[in-house]
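Welcome, and thank you for opening the viewer. Please follow the stops below in order, selecting as you read.

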Amino acid sequence: MRVLYDLVIVGGGAAGLTAALYASRSGLDCIVLDPSSPEGSSIALTEAVENYTGFSDIAGFDLIQHFYSHAKSFGANFVRQSLVGIRKNYDGFILECSDSEVKTKSVILCMGATHKKLGIDGENKFEGRGVSYCAVCDGYFFKDKTVAVIGGGKTAVTEANYLFHICKRGDSYIQLRAPQTALKIVCRPLL
Ligand SMILES: Cc1cc2nc3c(=O)[nH]c(=O)nc-3n(C[C@H](O)[C@H](O)[C@H](O)COP(=O)(O)OP(=O)(O)OC[C@H]3O[C@@H](n4cnc5c(N)ncnc54)[C@H](O)[C@@H]3O)c2cc1C
């Protein structure tokens with residue numbers, strides 16, 4: 001097993017590459033553990049990102065390549081393996097990877113997240129072509145258009161509040177499974 005790393009960053013997406021940039025510039029002996037960085041990042045799936053400062057319109061795939069090159073330029077090292085387990089030992093952690101084990105003093109876990117799907121016909125087919133999961137990311141694409149927000153509480157109301165200022169008012173609507181769970185303070189601007 002290799003010497004003890006200062007830091008292992010698990011996940012080389014937007015969060016992991018940002019952590020890698022700061023860690024490398026700080027002189028930490030660190031690696032990024034990810035079998036598919038940067039292409040495995042969820043941002044690589046989207047054709048257009050309009051909310052990243054400095055880029056008015058950039059393909060997600062290109063944006064994450066910039067993140068990757070930036071982190072590498074300061075010496076970030078990548079190990080193409082998945083994390084499958086973590087054990088604690090006296091001076092840090094032992095990370096069980098797909099092909100080996102790694103010792104480190106500290107770990108940052110940033111393996112991303114997946115959207116909860118509704119599971120209805122057409123959802124997958126129209127994802128990125130009218131079906132979205134993030135108002136801040138995609139709301140502007142629907143400027144002055146009619147939208148429906150489908151959800152079960154506070155998150156759906158928060159997203160609807162955001163879209164209220166962008167999308168067509170009057171005939172846009174929100175479908176709540178359990179409206180009583182939405183916080184009153186969040187609901188107020190909708191009324
Ligand atoms: C279709 C779509 C469109 C989007 N559009 C926008 C937008 O326009 N604007 C915006 O701000 N955000 C947008 N987002 C959200 C954005 O992609 C995420 O907020 C961002 O990528 C999250 O970064 P992350 O590093 O947390 O996770 P990710 O970027 O998803 O990275 C997670 C990484 O962890 C790795 N990983 C997972 N499990 C393991 C493991 N066990 N071991 C090692 N590595 C592992 C994966 O390979 C991956 O590379 C969009 C997301 C999607 C899906």
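How many residues does the hairpin that joins β4 to β5 run through? The link is 2 residues long. Keep in mind on this tour that the model is predicted.

**Stop 1: the whole chain**

Start with the chain coloured by secondary structure. You should find 5 helices and 8 strands. Walking along the sequence, you meet them in the pattern β-α-β-α-β-β-β-β-α-β-α-β-α. The chain has 191 residues, and 25% of them count as buried. Among contacts with a separation of 6 or more, 58% come from residues 24 or more positions apart.

**Stop 2: the sheet**

Now select the strands of the open sheet, which has 6 of them with mixed pairing. Their order across the sheet is β3-β2-β1-β6-β5-β4. At the edges are β3 (77-79) and β4 (83-89), each of which pairs on one side only. Neighbouring strands in this sheet are turned against each other by 45 degrees on average, direction ignored.

**Stop 3: from the edge inwards**

Select residues 83-89 to highlight β4. This strand has 7 residues and is hardly covered, with a count of buried residues of 0. Next add residues 92-97, which are strand β5. β4 and β5 run antiparallel and are joined by 6 bridges. To see one opposing pair, show R87, which stands opposite I94 in β5.

Keep I94 on screen and bring in residues 101-109, strand β6. I94 also stands opposite K103 in β6, so you can step from R87 to I94 and on to K103. β5 and β6 pair in the antiparallel sense over 4 bridges, and they form a hairpin with 3 residues between them.

**Stop 4: the other side of β6**

Stay with β6 and select T104. Which residue of β5 stands opposite T104? That residue is F93. Now add residues 5-10, strand β1, which pairs with β6 in the parallel sense over 5 bridges. From β1, Y5 stands opposite T104. With F93, T104 and Y5 shown together, you can follow a line of residues across three strands: β5, β6 and β1.

**Stop 5: helix α1**

Select residues 14-25, which form helix α1. Does its length fit the count of residues, and what should you expect to find at its ends? At 1.5 Å a residue, the 12 residues of α1 should span 16 Å, and the end C-alpha atoms are 17 Å apart, which agrees.

Colour A14, G16, L17, A19, A20, A23 and S24, which are buried in α1. As you turn the helix, remember that an α-helix has 3.6 residues a turn, so residues three or four places apart point the same way. What covers the buried residues of α1? The cover includes β1, β2 (30-33), α2 (60-73) and β6. After α1 comes G27, whose phi is positive, near 80 degrees.

**Stop 6: the ligand**

Finish by selecting the ligand and the residues around it. The surrounding shell holds 27 residues, and the closest are G11, G13, G40, G112 and C137. By class, the shell has 12 nonpolar, 14 polar and 1 charged residues. Which element gives the largest share of this shell? Helix α1 does, with 3 residues.

Note on methods. Residues are numbered from 1 along each chain as its sequence is written. This is a predicted model: local features need pLDDT of at least 70, side-chain atom pairs count only at pLDDT 80 or more; totals for chains, interfaces and linings use all residues. A residue is near a molecule or strand if its C-beta atom, placed from the backbone, lies within 6 Å of it. Ala, Val, Leu, Ile, Met, Phe, Trp, Tyr, Cys and Pro count as nonpolar, Asp, Glu, Lys and Arg as charged, and the others, Gly among them, as polar. Two strands pair if DSSP finds at least two bridges between them. The expected span of a helix is 1.5 Å times one less than its number of residues. A residue is buried if 20 or more other C-beta atoms lie within 10 Å of its own, exposed if 12 or fewer, and partly exposed in between; C-beta atoms are placed from the backbone. Two residues are in contact if their C-beta atoms, placed from the backbone, lie within 7 Å. Axes are lines fitted to C-alpha atoms, for helices over the stretch in contact, and angles run from 0 to 180 degrees between N-to-C directions.
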